[in-house]
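Got your viewer open? Let's take a short walk through some charged side chains, one selection at a time.

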Amino acid sequence: MLITLFKRKRNKSDVETAPSKYAQAKSGKELLEPPKRSTLIRKIKRLFSITEDVWNNHYLFAIERFAELVQEVPASEIHHHSKEGGLIDHTLEALHAGIRVAQGYVLPPNSEPEHIASSSDRWRFGAFIAILTHDIGKVVTDIEIVYRERGGEFQHWHPWYGSIPTGAEYSYRYKKRISNSKIAKSLHEKAAMSLLPRLLTKKAAQWIFEDTELLAQLFNTVTHSTFGGQAIAEIVRVADSASVAKNLGAETGKKTDHSTAIPLHKKLIVSLRKLITDGDLKRNKPGAAVWVTDSDTWVVSKATMEAVRVQLLNEGHRGIPQNVVRLFEVLNDHDLLIKNPHGESVWTAEINDFAKNWQQRLTFLRFKNEIIWPTSNPEKFDGEVLPVDKSGNIIEGTQTPENLNVVEKSAKLYLNMSTDKAITNTLKSKPKKTILPESVLSKLDKQNAIDNLQGKGETKKHIANATAERNHERDPVLKKSLSEDKGQIGISSHEAKNLKNTAKKIQKELIKQNDFLTWLLKGISRRQIRVNESKAPVHILDSHVALVTPVIFNLFLDKNSLKKRLYEKRAGDKKVYTLLQKELESLGIHQRSSSGQNIVRVTVEGHRSQSELRVYLLNRDYFPSLSNFSTNKAMTINM
């Protein structure tokens, strides 16, 4: 809880001599006294043709009540007006711009001249209130505030029940966003309606309620409804954009524009943060543009920076390069990127989502987390981002702690390569010796690894020497798994048995996580997928489950359109269903033909005819739920 951060003991002398690290709640009048704010208020007042009494009792009253509610909180956490007091400054700027915009509208819209004369002031007051409330909901939903009076205990403050007591100490922080950023973004827009009555005097409210059309547009604008805001909503949108653009250094299109010049590299980072935190760029899941590890944020290079460029143009920024490569260079020139081993901006890396059995190789820009997340701790990716070269080889010296996690590393080995291939590579190339410590081997489901380790001759000696050398350098603790004699590995029969059992457990878990197999077994159990019938896509044999290919794989893709799109992106020139087959191959549960082919031909004998099918064979032992099916005697494997 935020309150606990402030509970500490202080003696009397501390209170008297130490400056307070908390803000002090002020009245609305005090908050509006700084020269910049008071000057803006005078300019706003001149835009209305009203008496001093009306201004003070209704217009200035609303501004002061607004200021009391929001105090000195920022308008956003990482985007526009993100400094202390930013919400008041942003709203006053929007008021000044918006009332000037409203003067260019005929209000009320589509009205007779005599009605315009009597109602125009009321409609401009409606626009004034709509602008004043457009961001006020942030103190309800986005910002958490605690306060205390006279050195007492801190307590949470909620704006529905009054302003923070004048003179009280208070502190605030932005709340952590819920997983659905789109919903979180719209909450403050809906919450603004709950504070609208706090800004209106009784007479002002009665005045507005006399015009049903104005009331409808005001309510629809304040709640950010898709329809119904019309003229009032357009005035608020233009006013808000003008203030945001000015603060971010964009051109507002006005001759009197005095926007502060902000360097392009800062604009790029601010815009990127906004796109990520607003949920416009997805994070840490298949198809995402952003991947966050313990220390770095990996951003898909071209697509993401194109989105940043469009965002800046929409905000009114000028001089944004059309070529996104130029944007890479700007970030690199200001040391905002982690450079690849060649000193360039772009990395190639493999994304491995072990839980979803998903892998993709992409090009990235790589940032330190503190660049993108200066005030928060983002949710980390529960997988691996592995830098590779253009040939797909791991770049030496770039493994981060999360890449070296033993369980994850073991899973990657399991999913992407067989152990016998690893051993073969070890024998062929000394500079790329494969590490086979017990802690890694115990996670693999490859019995032939055990067979090789218990083998004879040069193979065993070479593996033992390679393993001992690398383990001595990287992990001295693992030396105990090796015999002092480099010619022996030192795995007993009991250890080998445990190794095999552990490997099988991991293999079963990976089978459960495979999306295709989950869909297949569920479809069979619900009788949605036919088995052992004429033209059925699945047949049960003595020791195998025969999947008619490519029928069964294409059926899965047709039923799972989202996954189909993901596979299509990865497939390139290959058939999409072959990626599903490769995932099954990585599990080590399929049966090749005698010639080493993954696709096996089977003969189907009928009463009067004979036909042949191409099937993908899976070991039946791994699917106990299919044990109740009888064997299809009409089918014979042509190995």
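Start by selecting Arg237, which is partly exposed at a relative accessible area of 46% (buried means under 20%, exposed over 50%, partly exposed in between, using a 1.4 Å probe and protein chains only). This is a predicted model, where local features need pLDDT of at least 70 and side-chain atom pairs count only at pLDDT 80 or more, while totals for chains, interfaces and linings use all residues. Residues are numbered from 1 along each chain as its sequence is written, and side-chain values use heavy atoms, leaving out hydrogens and water.

Now add Glu234, also partly exposed, at 30%. It forms a salt bridge with Arg237, with the closest N and O atoms 2.8 Å apart (that's a side-chain nitrogen of Lys or Arg within 4 Å of a carboxyl oxygen of Asp or Glu). Both sit in helix 11 (residues 230-247), three residues apart, so about one helical turn separates them. Helices here are DSSP runs of H or I with at least four residues, strands are runs of E with at least two, and both are numbered from the N terminus.

Next, select Arg148 and Glu169: buried or exposed? Arg148 is buried at 7%, and Glu169 is buried at 17%. They form a salt bridge too, with the closest N and O atoms 2.8 Å apart. The pair links strand 2 (residues 143-148) to strand 4 (residues 169-174), and the two residues are 21 apart.

Last stop: Arg530 and Glu533, whose closest N and O atoms are 3.7 Å apart in their salt bridge. Then pick Arg37, Glu72 and Asp89, joined into one network by salt bridges that share partners. Zoom out: the whole structure holds 16 salt bridges.
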